[in-house]
Amino acid sequence: MKPFEWSLPTKMVYGAGEIKRLGEEAKAFGKKAFFVTFEPVEAAAFIRESALASLAEAGVETVIYDKIEPNPSVKTIDEGVRQFKECGADVVVAVGGGSAIDAAKYIASVAESGGSSWDYVVLASHTPREYTGAYPVIAVPTVSAAGSEVNAGGVITNTDLKLKSFSRSPYRIPKVAIIDPELITSLPVSVTGDGGVDIFCHLIEHYLST
């Protein structure tokens with residue numbers, strides 16, 4: 001086996017109903033949370049309600065940004081950065097799948113480091129800009145898939161250029177991940193199956209790609 005280093009600094013909170021801990025965890029990082037999530041879906045309304053209720057109970061003011069699409073776009077993320085800075089939030093809370101969590105990590109890091117989210121991605125055509133820091137991120141995954149809630153990476157789409165790329169930085173690793181199986185088991189079986197395929201693809205790609 002080749003030498004390697006492994007670091008998992010994210011605090012993981014696991015258990016049924018543990019989404020109730022969200023407010024308590026967020027409060028440790030500030031008084032106002034920027035709540036990054038997907039567009040409202042009736043079947044998943046209880047997830048949003050539970051998260052917002054926990055934040056409110058802890059006295060954390062919340063600004064909702066629910067514009068995140070699958071494979072989030074540069075435009076969506078850069079608008080999130082603008083709104084985050086404008087509202088004066090202290091912490092970014094991501095609730096959703098990998099796209100919502102990736103978007104939150106970009107918002108938190110670009111808001112601190114400056115520029116556009118596309119400046120930081122890995123591309124043959126340019127030298128990626130270096131992150132200089134990030135606001136704290138708390139991730140609440142609602143699907144088992146890419147593991148974005150505990151890693152430094154994130155995928156972003158440039159719809160103008162029709163390109164998708166990624167960036168990573170230790171600054172972007174979420175401070176806390178709240179993994180509540182009651183949220184994940186609420187998904188349709190087909191979505192859970194898709195997540196399983198996603199996990200396999202992320203594992204195998206390191207052996208098949210340079």
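Strands β4 and β5 run parallel and are joined by 5 bridges, where strands are DSSP runs of E with at least two residues, helices are DSSP runs of H or I with at least four, and both are numbered from the N terminus. Two strands are said to pair if DSSP finds at least two bridges between them. The structure is a predicted model, in which local features need pLDDT of at least 70 and side-chain atom pairs count only at pLDDT 80 or more, whereas totals for chains, interfaces and linings use all residues. Residues are numbered from 1 along each chain as its sequence is written, and side-chain values use heavy atoms, with hydrogens and water left out.

Within the pairing of β4 and β5, V95 stands opposite V140 in β5. Strand β5 itself, which spans residues 137-141, is mostly covered, since 5 of its 5 residues are buried; buried means under 20% relative accessible area, exposed means over 50%, and partly exposed lies in between, as found with a 1.4 Å probe and protein chains only. In a regular strand the side chains alternate between the two faces of the sheet. Both faces of β5 are covered, with V137, A139 and P141 buried on one side and I138 and V140 buried on the other.

Strand β5 is also joined to β8 by 2 bridges, and these two strands run parallel, with A139 standing opposite A177 in β8. Strand β8 comprises residues 176-179, of which V176 and I178 point one way while A177 and I179 point the other way, and all are buried. Strand β8 further pairs in the parallel sense with β1, residues 11-14, over 4 bridges, and in this pairing K11 stands opposite V176.

These pairings belong to an open sheet of 6 strands, which has the order β1-β8-β5-β4-β2-β3 and parallel pairing. The edge strands are β1 and β3, the latter formed by residues 61-68, and each of them pairs on one side only. From one strand to the next, the twist averages 20°, where angles run from 0 to 180 degrees between N-to-C directions and axes are lines fitted to C-alpha atoms, for helices over the stretch in contact.

Helix α3 packs on this sheet and touches β2 (32-38), β3 and β4 (91-96), with a direction that makes about 170° with that of β3; contact means heavy atoms within 4.5 Å. Helix α4 lies across β2, β3, β4 and β5 and runs at about 165° to β4.

The two helices also pack on each other, since α3 (residues 74-87) and α4 (residues 98-113) meet at an angle of about 55°, with their axes 9 Å apart. Helices α3 and α4 are therefore oblique to each other, given that angles under 35 degrees count as roughly parallel, over 145 as roughly antiparallel, 65 to 115 as roughly perpendicular and the rest as oblique. Their crossing is right-handed, a term used if the near helix is turned clockwise from the far one by less than a right angle, the anticlockwise case being left-handed. The contact is made by I77, G80, V81, F84 and K85 of α3 together with A103, Y106, I107, V110 and A111 of α4. These residues divide into 8 nonpolar, 1 polar and 1 charged, where Ala, Val, Leu, Ile, Met, Phe, Trp, Tyr, Cys and Pro count as nonpolar, Asp, Glu, Lys and Arg as charged, and the others, Gly among them, as polar.

Several single residues outside these strands were also examined. S169 lies in the loop between β7 (163-168) and β8 and is buried, with a relative accessible area of 8%. Residues up to four places away in sequence not being counted, S169 touches Y131 and A152. A45, by contrast, is found in helix α2, which covers residues 45-57, and is partly exposed, with a relative accessible area of 27%. The C-alpha atoms of A45 and V121 are separated by 33 Å, and these residues are 76 residues apart along the chain.

Most residues other than glycine have a negative phi, and most peptide bonds are trans. N71, which is not a glycine, has a positive phi near 50°; N71 lies in the loop between β3 and α3 and is partly exposed, with a relative accessible area of 37%. K162, also not a glycine, has a positive phi of about 55°. K162 lies in the loop between β6 (153-158) and β7 and is exposed, with a relative accessible area of 71%.
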